[in-house]
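Let's take a walk through this one together, one stop at a time. Have the viewer open and follow along.

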Amino acid sequence: MSNTTTMKSAAPKNSISRKSGLISATNSILSSIVCIIIGLLVGFIILVCINAEHAGEGFMTILIGGFNNINAHARNISKEIAEAAPLIMTGLSVAFAYKTGLFNIGAAGQYSVGALGALYFALVLHMPWYICILAAMLCGAVWGAIPGLLKAFFNVNEVITSIMFNWIALYGVNELLKNNVLGKMYESTKNKTYVVRTTSAGSAIPNMGLDNIFSKSTTIAIFIAIIVAIIMYIIINKTTFGYELKACGHNKDAAKYAGINEKRSIILSMVIAGALAGLGAALFYLSGVGEWNPNDSTACPAIGFNGISVALLAVCNPIGCVFSALLISHITVGGSCLATAYYQPEIADIIIGVIIYLCAFAMLFKMLIGKVVKVKSTSDANADPQIELHEPDSDKEAEKEDEE
Amino acid sequence: MNNEYIIEMLNITKEFPGIRANDNVTLQLKKGEIHALLGENGAGKSTLMSILFGLYQPTSGIIKKNGVEVKINNPNDANALNIGMVHQHFKLVECFTVLENIILGVEPTAAGPFLSTKDARAKVMDLSQKYGLSVNPDALISDITVGMQQRTEILKMLYRDNDILIFDEPTAVLTPQEIEELMKIMKNLAKEGKSILFITHKLNEIMEVSDRCTILRKGKYMGTVDIANTNKEELSRLMVGRDVKFEVDKDEAKPKESVLKIKNMTVPSKVHKNNAVKNVSFNVRAGEIVCIAGIDGNGQTEFVHALTGLEKMSEGHIEFKGVDISHSSIRERSKSGMSHIPEDRHKHGLVLDYTLEQNMVLQRYWEPQFQKAGFIKNGAVRDYALKLIDQYDVRSGQGPVTTVRSMSGGNQQKAIIAREIDKDPDLLVAVQPTRGLDVGAIEYIHKQLVAQRDKGKAVLLVSLELEEVMNVSDRILVMYEGELVGQLDPKQITVQELGLYMAGAKRDEVPAEV
């Protein structure tokens, strides 16, 4: 009997939660969109400043992104999709660690080590593609685990260690590849590693017919990435493991009090983040989007760092990462289509930079949008006086902060 | 005639969408008096003070200073009218010294941008002598006690020549000794002509220092009374709207077998080289409330942490229900039937950014009842949270999906108590369970503790409040500098005597077995 009464009261509360959850999700999406629009506008202004005559045309090129020259074997759209897949993974890597309160700035290093793993298993051992993917994930996981261990047991800041590990990974991988220490992987005449698809066809990620529509580098990688994003979403939101990780991220002391092993959570979170970044590298190199150039020793793989942008724009939501990665890939490809006589392709990077910069204000936008929505629905707000009793306080806090 | 009042808030009404936080409230502060503002959590005290401090504009009503109507649009206006406020949570820069914090915002300069603290230092030292607020101006805020931090806040107001001082629940964070000191300081300030508004829900303090008291209940003005002509019972009736019992109703304890046996526990300190807990041995039996009394910082925190597994002990044994749990993990101890209401509800007790329902299962989310193959059963969690909310009357804006951060302190504490008691523990460790709560909530929590005892459970209460120690416990153990210095019977001892034990002036041998 008591069961029926609780069920009765549960029904309206359920609808409340769904409604408020929906409003907050909508606000998040809206605030991200506001960031994107302002970022694009700033990009347009920059285009005007550089070359006013061609600004409109250039701006359209960026907006169209992968849909430029759609007839030429859909080259651009292929590139956009192929590059989005690894970007989703590094975005997920950053977003996942962030849920445990860790800032995984080391996705680039985990990505590099993952690339080495994937290439070694493909070019030297000629393993099937899924084994190569697992190898890449394992390598990335190991590389992520080290900062995790240092953080858990010695409280060494993971930002510092993972930045250092980025460069160790990059130079280490470059040396190993260039000198063919692990086996023949480097084609010195082309300054790049061998092409996976021609050296070991079985190690390339299958196209499943996608190459009939798009170029060869468009494989099922994008689907793998989307599936992994969904799995991550489920882990974070639906499982006890996700509950523990988030508890650690929000309040380490309370997590410990509740008997959660916070050291284990930190390490596992970094291991998974590393594996995700490693998987990203596998999706890139095993799809043949490009080959590794071990002579390029000045920059860490951009996909690793762009993962931070992807995660920030997605407010660390795994599903959001899919869309933000596609958007960033879209704008980047658009930038590369710009007529180089007038503009540099790096304009796209500026636009992305502005968008990410604005994401720091995303909370502000979210609040403003929230206020607008609230004013519109004040008639709903008097459901329970207790709600309002506390809200004045939070408003007061916000105002106080404004004062300071 | 008008000038009798330094500040008048007349017929103030403040409406928020859907609620009237203040409904026709009048507050008149005389020059040189200590005026208490009394009300339960959520009665509208903070809103009223925010209006006076310029954070909100009243929907209707006027504010007068010295009989002249004034507009206070922001805190700067309030400052210009010499209104200062000590917030409940101090607004100090941790890595600055006391002096630097005091001058922050009104930094005295010499020759352009260069800071000149000489005069400021002299003024601060003068003030601290005049009002008996001794502080070390060069100590870092992070190094000094909460009491000292509060003095810094008071000096901040005095340095700005404020003469209307608002104290927002100033005693919530203080030890009994510090409270006594603060009361003296407040009386001194009033004697020197400062007018004080004292927001609190502790009746004893009002009776001790205030001249008059204005009472709010659910936003409504209940009246202003002269403290000389009233008593605690009348005040609490005005505040809560019903009679509140200060004495805890309970029968004689019927203790049974020992549930918890602690032998020679020693816990190293994190702050200094000495041991925080030294060779402590005692038992707790089923069906009794044992209280560890003592002044804050005498090893109680470390003791509880070692008992619940948050910290490691260097020596000793803990036996719980006949099993040695000295080296068990926090989870194992919790599983075996130990519940812990932590001292710091924000640090340990709650994940503030989780919803109420997520916090309700913080200790049990892994039980088969709430998860299957690692997936959380949302329906079961929701039903369980609704049950606890209903049973323990936890109030919040959106029920189980309220973010706990937005809830009032009293309801946050109720949520923890609901969670810990509903685990049906054999031993309930409650550390300062009523800290910062109003009388209604305190009465409720005390009832719950006694109910646990009467169900035959063991309760270990750690408290700094003498009244709580005397009223609730069946047996008192006094902890002084990490040692047990006395085992006392609350029915046979006076508060004064207990104070002597707590201050280390008196001690006996404490038998390990009861």
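Our starting point is A:Ile46, which sits in helix α1 of chain A, a helix covering residues 2-50. Bear in mind as you look that this is a predicted model. Is A:Ile46 buried, exposed or something in between? Count the other C-beta atoms within 10 Å and you get 17. Being buried takes 20 or more and being exposed takes 12 or fewer, so A:Ile46 comes out as partly exposed.

Which residues does A:Ile46 touch, once its neighbours within four places in sequence are set aside? The contacts are A:Ile347 and A:Ile350. The second of these is a long way off along the chain: A:Ile46 and A:Ile350 are separated by 304 residues in sequence, yet their C-alpha atoms are 8.9 Å apart in space.

Now hop over to chain B, where the domain assignment gives domain 1 as 2-240 and domain 2 as 258-337 + 425-502. Measure from C-alpha centre to C-alpha centre and these two domains of chain B lie 35 Å apart. They do touch, with 10 residues of domain 1 of chain B in contact with eight residues of domain 2 of chain B. On the domain 1 side of that contact, α6 (176-191) and α8 (232-240) of chain B each chip in at least two residues. Sort that same side by class and you find four nonpolar residues, five polar ones and one charged.

Next stop is helix α1 of chain B, residues 45-52. Eight of its eight residues are buried, so this helix is largely enclosed by the rest of the structure. The buried set includes B:Lys45 as well as B:Leu48, B:Met49 and B:Ile51. After α1(B) comes B:Gly54, which has a positive phi, near 85°.

Finally, find strand β15 of chain B, residues 289-293. Here five of the five residues are buried, so the strand, too, is largely enclosed by the rest of the structure. What covers its two faces in terms of residues? One side carries B:Ile289, B:Cys291 and B:Ala293, the other B:Val290 and B:Ile292, and all of them are buried.

β15(B) also has strand partners. It pairs with β22 of chain B (residues 458-463) in the parallel sense, over five bridges, and within that pairing B:Ile289 is bridged to B:Val459. β23 of chain B (residues 475-480) runs parallel to β15(B) as well, joined by four bridges, with B:Ile476 as the bridge partner of B:Cys291.

How values were computed. Residues are numbered from 1 along each chain as its sequence is written. Chains are lettered from A and ligands numbered from 1 in the order in which they are written. This is a predicted model: local features need pLDDT of at least 70, side-chain atom pairs count only at pLDDT 80 or more; totals for chains, interfaces and linings use all residues. Domain bounds come from an automatic or database domain assignment. Two residues are in contact if their C-beta atoms, placed from the backbone, lie within 7 Å. Ala, Val, Leu, Ile, Met, Phe, Trp, Tyr, Cys and Pro count as nonpolar, Asp, Glu, Lys and Arg as charged, and the others, Gly among them, as polar. Two strands pair if DSSP finds at least two bridges between them.
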